[in-house]
Amino acid sequence: MKIITPYGRIIVRLYDETPLHRNNFIQLVRRHFFDSTLFHRVIKTFMIQGGDPDSKHATPGQELGNGDLGYTIPAEFRPQLFHRKGVLAAARDDRPDKASSASQFYLVQGKVFTDAGLDSIEQQRLHGRKIPANQRALYKTIGGTPQLDQQYTVFGIVEKGFPVIDKIAALPTDKNNRPLKDVAMQVRLKRKWLFF
């Protein structure tokens with residue numbers, strides 16, 4: 001799948017381990033739902049968020065992030081899918097069942113952590129759950145947002161276009177973290193050609 005922005009293209013592979021999220025996202029892409037939606041919430045060293053249907057015709061400065069499609073996707077937490085830099089994950093409201101928004105998603109920029117920082121997150125945010133060694137190694141090298149692990153469904157990973165995430169995350173924003181200059185997107189399925 002490719003996300004086309006004014007700052008370049010991001011190539012994302014959807015995970016088969018999260019079929020409900022994968023299939024829903026593919027259906028929305030096939031319907032061109034994401035075309036003209038904005039990256040409406042951008043926080044440097046954290047993430048860039050888009051997919052709010054209300055953002056298609058938003059006026060400058062309008063607060064966004066509350067639009068939905070009238071349904072949610074059940075959480076699909078997988079221990080091996082974690083919030084390293086470049087993951088695609090589903091946004092959600094503060095719900096006890098942690099069900100995901102049908103359309104709002106985010107791409108993690110995150111930051112690089114030290115062992116002490118990860119230890120602190122384990123105690124304060126993960127309620128003592130230990131971050132596996134292989135995941136800890138990535139959080140200490142490429143970075144991410146480990147405080148979100150097993151709280152929001154991760155359902156894809158960026159294969160190309162990390163600099164595009166960095167460019168969008170660095171944009172000036174208003175008090176609601178909306179970029180001052182709109183960042184619209186188009187999302188397309190990337191076809192694989194088979195030759196016989």
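Which residues lie nearest the centre of the largest pocket? In this predicted model, they are Gln49, Gly65, Ala91, Arg92 and Asp93, picked from a lining of 26 residues. The pocket itself has a volume of about 520 Å³. Strands β3 (39–43), β4 (47–50) and β7 (100–101) are good places to start looking, as each gives at least two residues to the lining. If you sort that lining by class, you get nine nonpolar, 11 polar and six charged residues.

Now find strand β6, which runs over residues 87–90. Is it buried on one side or on both? Both faces are covered: Val87 and Ala89 are buried on one side, and Leu88 and Ala90 are buried on the other. This strand also has company. It pairs with β9 (residues 154–160) in the antiparallel sense, over three bridges, and Val87 has Ile157 as its bridge partner there. Strand β8 (residues 105–108) pairs with β6 as well, again antiparallel and over three bridges. In that pairing, Leu88 stands opposite Leu107.

Next, take a look at helix α2, residues 115–124. Leu118, Ile121 and Glu122 are its buried residues to look for. They sit on the same side of α2, because they cover an arc of only 100° around the axis. The general rule behind this is simple: an α-helix has 3.6 residues a turn, so residues three or four places apart point the same way. What lies over the buried residues of α2? Part of the cover comes from α3 (133–141). Turn to the face pointing away from the buried side, and you'll meet the exposed residues Ala116, Gln123 and Gln124.

How values were computed. Residues are numbered from 1 along each chain as its sequence is written. This is a predicted model: local features need pLDDT of at least 70, side-chain atom pairs count only at pLDDT 80 or more; totals for chains, interfaces and linings use all residues. Side-chain values use heavy atoms; hydrogens and water are left out. Buried means under 20% relative accessible area, exposed over 50%, partly exposed in between (1.4 Å probe, protein chains only). Helices (H or I, at least four residues) and strands (E, at least two) are DSSP runs, numbered from the N terminus. Two strands pair if DSSP finds at least two bridges between them. The arc is that of the directions from the helix axis to the C-beta atoms. Contact means heavy atoms within 4.5 Å. On a 1 Å grid over the protein atoms alone, a cavity is a set of points where a 1.4 Å probe fits but cannot get out, and a pocket is an open set with protein on both sides within 12 Å along at least five of seven lines; lining residues have an atom within 4 Å of a point. Grid points are joined across faces, edges and corners, and a volume is the space filled by probe spheres set on the points. Ala, Val, Leu, Ile, Met, Phe, Trp, Tyr, Cys and Pro count as nonpolar, Asp, Glu, Lys and Arg as charged, and the others, Gly among them, as polar.
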